[in-house]
There are 2 protein chains.
Amino acid sequence: MDDIDRKLIAALQRDATTAYATLGKEVGLSAGAAHERVRKLRERGVIRRTTVDVDPAALGQGVLAYVMVDSSAWMGDSAAAFAAIPELVEAHVIAGSASVLVKVRAATTERLQDVLRRLYGIEGVSGTQATVVLETFFERGVAADLTG
Amino acid sequence: MDDIDRKLIAALQRDATTAYATLGKEVGLSAGAAHERVRKLRERGVIRRTTVDVDPAALGQGVLAYVMVDSSAWMGDSAAAFAAIPELVEAHVIAGSASVLVKVRAATTERLQDVLRRLYGIEGVSGTQATVVLETFFERGVAADLTG
DNA sequence: GGTGAAAACCGAGACCC
DNA sequence: GGGTCTCGGTTTTCACC
């Protein structure tokens, strides 16, 4: 994992359709060498997958909210229960007063309310505290060029 | 934007390296027709870009936290100031007591503290409240198969 | 690890329905 | 809109360094 790997990752985050010949030029390598580097990054799991970034509004999911989920029990084994709610795009176990923090994308605030109802249906959930997003400044990938 | 478009988006979210011939088979279309559909989805901005999903820990950014940023002024024009901090992977203007919610990836909790310091450097910021993530259940794309 | 080239494969477009 | 075909570029693999 050297500087060339980080540059390749940054370039692929920007546009994963970039040809290996172009990638190679950007980092000072031949197309074959760039290809081999990227293949190993995938193999080692550094690059998890190639995917597309979709506009949520275009899919009719214009409402974004973060919900703090309080619980009366250990939530560490409840990943599947949260994953079963398709509107949840993220779910994290957190330190602090709440137990789980989830990111929700829904069509309307009424639908958001329905998601909250389903969250209450998860065993151990005792409360929710929703924060609605008014405007998203940005959403981007991990910075590949930090020293770490 | 019909059911075939949604299936194509879902397939590309899973693996954007899938060949158009394979995509076409999955939705009952020829490779050329699938290609044309995807081209239009990109053109209309439904698909914003093709990117790679990178393991933050592999890049030495193993600490994830959400920070509520309080302010004493209107923050709506501060997008650039937040974007200038590379550890911030998301920034949203929110409804509620805080003004902005940011998602931070850092190498260590010491580095997280440094990010908080830089957040205080943004004009108008009067306080922060960080929530550290202990375990991530999942992070995934918008569900493409909801009625909306 | 990297290079350069060969071969299989795929994307992108033209044309017709 | 979709199907079919074709061409040029790209991926992928290989022997060699």
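This note concerns a predicted model and covers the protein surface around DNA strand C and one helix packing in chain A.

1. Residues around the strand. Both protein chains appear in the surroundings of DNA strand C: A:Leu29, A:Ser30, A:Ala33, A:Arg37 and A:Lys40 from chain A, together with B:Ala19, B:Tyr20 and B:His35 from chain B. By class, this surface holds four nonpolar, two polar and two charged residues. Helix α3 of chain A, residues 31–43, is its main contributor, giving three residues.

2. Parts of the DNA that are approached. Sugar or phosphate accounts for 90% of the atoms of DNA strand C within 4 Å of the protein, and bases account for the rest.

3. Polar contacts with phosphate. The side chain of A:Arg37 places an N or O atom 2.7 Å from a phosphate oxygen of DNA strand C. On chain B, a polar side-chain atom of B:His35 is 3.0 Å from a phosphate oxygen of the strand, while B:Tyr20 uses a polar backbone atom, at 3.3 Å from a phosphate oxygen.

4. Packing of α2(A) against α3(A). Helix α2 of chain A, residues 20–27, packs with α3(A) at an angle of about 95°, and the two axes are 8 Å apart. The helices are therefore roughly perpendicular. From α2(A), the contact involves A:Tyr20, A:Ala21, A:Leu23 and A:Gly24; from α3(A), it involves A:Ala31, A:Ala34, A:His35, A:Val38 and A:Arg42. These residues divide into six nonpolar, two polar and one charged.

Note on methods: Residues are numbered from 1 along each chain as its sequence is written. Chains are lettered from A and ligands numbered from 1 in the order in which they are written. This is a predicted model: local features need pLDDT of at least 70, side-chain atom pairs count only at pLDDT 80 or more; totals for chains, interfaces and linings use all residues. Side-chain values use heavy atoms; hydrogens and water are left out. A residue is near a molecule or strand if one of its heavy atoms lies within 4 Å of it. A polar contact is a pair of N or O atoms within 3.5 Å; within protein, one must be able to donate a hydrogen and the other to accept it, and residues adjacent in sequence count only if both atoms are side-chain atoms. Helices (H or I, at least four residues) and strands (E, at least two) are DSSP runs, numbered from the N terminus. Ala, Val, Leu, Ile, Met, Phe, Trp, Tyr, Cys and Pro count as nonpolar, Asp, Glu, Lys and Arg as charged, and the others, Gly among them, as polar. Axes are lines fitted to C-alpha atoms, for helices over the stretch in contact, and angles run from 0 to 180 degrees between N-to-C directions. Angles under 35 degrees count as roughly parallel, over 145 as roughly antiparallel, 65 to 115 as roughly perpendicular and the rest as oblique. Contact means heavy atoms within 4.5 Å.
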